[in-house]
Amino acid sequence: MIVAFALGRDADDPHPAAKSSGPLPPITVSAPPVNATADAPCAQVLSALPIQLGQLAPRVVHAQPDSPNVVAWGDPAVVLRCGVGRPADFVPTSDVYNVGTVYWLAVKQKSATVWTAVDRSVYVEVTVPQKQAFQPLPLLGQAIAKKLKPICAVPEDNSNPPQDQLCVNRK
């Protein structure tokens, strides 16, 4: 099932940015597995990302193992990991969401939602904490769409793309 919608920040929160006024402390994040085929597309995506994400200040990230493909903003941190593996929850019956021109799979976890762009040459994962008032997908999707074209199809309305072109059938 596809759901198209726009995501925005909480209009009742006049200060959705980080609550502290000084630099945010570094965070440690697990890096995606090394994947040589993801290097070039991820470099393209990373080159288009904003330094500041809306009202969210950038964070210093210590990726484990070391990787340039992990960035973060804000407190609580919104974390982007480029070149992750195919989400295990991405199956033919998965709901995907069209935010802008990028299709995202949402997987709710205990304290965050993990959004994964599923229609580009690499999977790009964005973890958004539930306590984060700012919704980053529109801005991040713009950066991804600017650098990477869709490589597969997501059925919309009554369309029936060939099975070999469906995003859910790619590895």
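# Close-up views of a predicted model

The structure holds 2 disulfides, and the legends below, all drawn from a predicted model, begin with these bonds before turning to a helix, a hairpin, the cores, a loop and the prolines.

**Figure 1. The disulfide between Cys42 and Cys82.** A disulfide is a covalent bond between the sulfur atoms of two cysteines. In this view Cys42 is joined to Cys82, with a distance from S to S of 2.2 Å. The pair links distant parts of the chain, since Cys42 belongs to helix α1 (residues 36-48) and Cys82 to strand β6 (residues 78-84), 40 residues apart. The torsion about the S-S bond of Cys42 and Cys82 is about -90°, so this disulfide is left-handed. Both Cys42 and Cys82 are buried.

**Figure 2. The disulfide between Cys152 and Cys167.** Here the distance from S to S is 2.0 Å, and the two cysteines, 15 residues apart, both come from the segment after α2. Because the torsion about the S-S bond of Cys152 and Cys167 is about 95°, the disulfide is right-handed. Cys152 and Cys167 are both buried. When the bonded cysteines are counted along the chain, the disulfides follow the pattern 1-2, 3-4.

**Figure 3. The buried and exposed faces of helix α2.** Within α2, which covers residues 137-147, the buried residues shown are Leu137, Leu140, Gly141, Ala143 and Ile144. These residues cover an arc of only 160° around the axis, which puts them on the same side of α2. An α-helix has 3.6 residues a turn, so residues three or four places apart point the same way. On the face of α2 turned away from its buried side, the reader will find the exposed residues Gln142 and Lys146.

**Figure 4. Strand β7 and its hairpin with β8.** In a regular strand the side chains alternate between the two faces of the sheet. Strand β7 (residues 96-99) is covered on both faces, with Val96 and Asn98 buried on one side and Tyr97 and Val99 buried on the other. Strand β8 (residues 102-108) pairs with β7 in the antiparallel sense over 4 bridges, and Val99 stands opposite Val102 in β8. The hairpin of β7 and β8 has 2 residues between the strands, and Gly100 takes a positive phi near 75° there. Most residues other than glycine have a negative phi, and most peptide bonds are trans.

**Figure 5. The nonpolar cores, with Leu80 in close-up.** In soluble globular proteins, nonpolar side chains tend to be buried together. The largest nonpolar core of this model has 26 residues, and those with the most contacts inside it are Trp73, Leu80, Trp104 and Val126. Two or more residues are given to this core by each of the elements α1, β6, β7, β8, β9, β10 and α2, and its largest share, 4 residues, comes from α2. If its neighbours within four places in sequence are left aside, Leu80 has contacts that include Leu46, Trp73, Val126 and Leu140. Apart from this core lies another, of 13 residues, among them Tyr123, Cys152, Cys167 and Val168.

**Figure 6. Asp119 and Arg170.** Asp119 has its place in the loop between β9 (112-117) and β10 (123-129), whereas Arg170 is found in the segment after α2. Asp119 is buried, with a relative accessible area of 1%, and Arg170 is buried as well, with a relative accessible area of 16%; both values count as buried because the cut-off is under 20%. The C-alpha atoms of Arg170 and Asp119 are separated by 9.3 Å, although the two residues are 51 residues apart along the chain. A polar contact of 3.1 Å joins the side chains of Asp119 and Arg120, while the side chain of Arg170 reaches the backbone oxygen of Arg120 at 3.0 Å. Beyond its neighbours within four places in sequence, Asp119 is in contact with residues including Cys152, Cys167 and Arg170, and Arg170, with its own such neighbours left aside, is in contact with residues including Asp119, Tyr123 and Cys152.

**Figure 7. The cis peptide bonds before Pro65 and Pro76.** The peptide bond from Gln64 to Pro65 is cis, with omega near -10°, and Pro65 has its place in the loop between β4 (61-64) and β5 (70-73). Another cis peptide bond joins Asp75 and Pro76, where omega is about 5°. Pro76 lies in the loop between β5 and β6.

Technical notes: Residues numbered from 1 in each chain as written. Predicted model: local features only at pLDDT ≥ 70, side-chain atom pairs only at ≥ 80, totals over all residues. Heavy atoms only, no water. Buried < 20%, exposed > 50% of the residue type's maximum accessible area, 1.4 Å probe, protein only. Arc of directions from axis to C-beta. Disulfide = S-S within 2.5 Å. Pairing = 2+ DSSP bridges. Polar contact = N/O pair within 3.5 Å; in protein donor to acceptor, adjacent residues only side chain to side chain. Contact = heavy atoms within 4.5 Å. Core = buried A, V, L, I, M, F, W, Y, C linked by side-chain atoms within 4.5 Å.
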